[in-house]
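Good morning, and thank you for making time for this item. Please bring the sequence and the model up on the screen, and I shall take you through the packing.

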Amino acid sequence: MSEKLPKTALTPATHTTPPAKFSHGVRKGNILQVAGQVGFGPAAEGQAPTPVGPGLREQTLQTFANVEAILKEGGASWDDAVMVRVYLTDTAHFAEFNEIYNEYFASLQEAPAARTTVYVGLPAGLLVEVDTLAVLG
């Protein structure tokens, strides 16, 4: 019987402590799952998380930065990402989001698989959420 791999919860210093019993990311062996991230700016002690701006571009770039912080905390990078799931709050944002996504990931040798859907359950003011699965090695 093989030894059980440890599971490590990941919360970078830039993120607030989750409000419930979940983690921003989890690494087990060479698998790292980043939970859904949104366009909240860096954590400020004693302050509630706040979206970085009203626009899709600002929120998407901050969301990608938040995902990347968790990837790095777990020893990974975007190059290790095998799946990116995107949730937009408005179908009218698809074209703009795709433009931002293509610009952001232009330097990747191999693009991860991706899926985008419309989801209307994000808190007020948030336009995009992204979760990512990475495999290291």
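Let us begin with glutamine 62, whose contacts beyond four places in sequence are Gly39, Phe40, Gly41, Pro42 and Val52. Please bear in mind throughout that this is a predicted model. Glutamine 62 belongs to helix H1. Is this residue buried or exposed? Its relative accessible area is 17%, and because the cut-off for buried is under 20%, glutamine 62 counts as buried.

I turn now to the nonpolar core. The largest one has 24 residues, and the members that touch the most others are Leu32, Leu71, Trp78 and Phe97. Two or more residues each are contributed by strand S3 (31-37), helix H1 (56-73), strand S4 (81-88), helix H2 (94-104) and strand S6 (128-135). Which element gives the largest share? That is H1, with 5 residues. As general background, nonpolar side chains in soluble globular proteins tend to be buried together.

Tryptophan 78 deserves a separate word. Leaving aside residues up to four places away in sequence, tryptophan 78 touches Phe64, Val67, Glu68, Leu71, Val84, Tyr104, Phe105, Leu108 and Thr132.

Next, the sheet. It is open, has 6 strands with mixed pairing, and follows the order S1-S2-S3-S6-S4-S5. Strand S1 (7-10) and strand S5 (113-118) each have a single partner strand, so one side of each lacks a neighbour in the sheet; these two are the edges. From one strand to the next, the twist averages 10 degrees. Within the sheet, S3 and S6 run antiparallel and are joined by 5 bridges. In this pair, valine 34 is placed opposite threonine 132 of S6. Threonine 132 is also among the residues that tryptophan 78 touches.

Helix H2 packs on this sheet, where it touches S4, S5 and S6, and its direction makes about 155 degrees with that of S5. Which residues of H2 are buried? They are Phe97, Ile100 and Tyr101. Viewed down the axis of H2, these buried residues fall within an arc of 100 degrees, and they therefore line one face of the helix. Their packing partners are H1, S4, S5 and S6. On the face turned away from the buried side, H2 carries the exposed residues Ala95 and Asn102. Phe97 thus appears twice in this account: as a buried residue of H2, and among the core members that touch the most others.

Thank you; I am glad to take questions.

Notes:
Residues are numbered from 1 along each chain as its sequence is written. This is a predicted model: local features need pLDDT of at least 70, side-chain atom pairs count only at pLDDT 80 or more; totals for chains, interfaces and linings use all residues. Side-chain values use heavy atoms; hydrogens and water are left out. A nonpolar core is a set of buried Ala, Val, Leu, Ile, Met, Phe, Trp, Tyr and Cys residues joined through side-chain atoms within 4.5 Å. Buried means under 20% relative accessible area, exposed over 50%, partly exposed in between (1.4 Å probe, protein chains only). Helices (H or I, at least four residues) and strands (E, at least two) are DSSP runs, numbered from the N terminus. Contact means heavy atoms within 4.5 Å. Two strands pair if DSSP finds at least two bridges between them. Axes are lines fitted to C-alpha atoms, for helices over the stretch in contact, and angles run from 0 to 180 degrees between N-to-C directions. The arc is that of the directions from the helix axis to the C-beta atoms.
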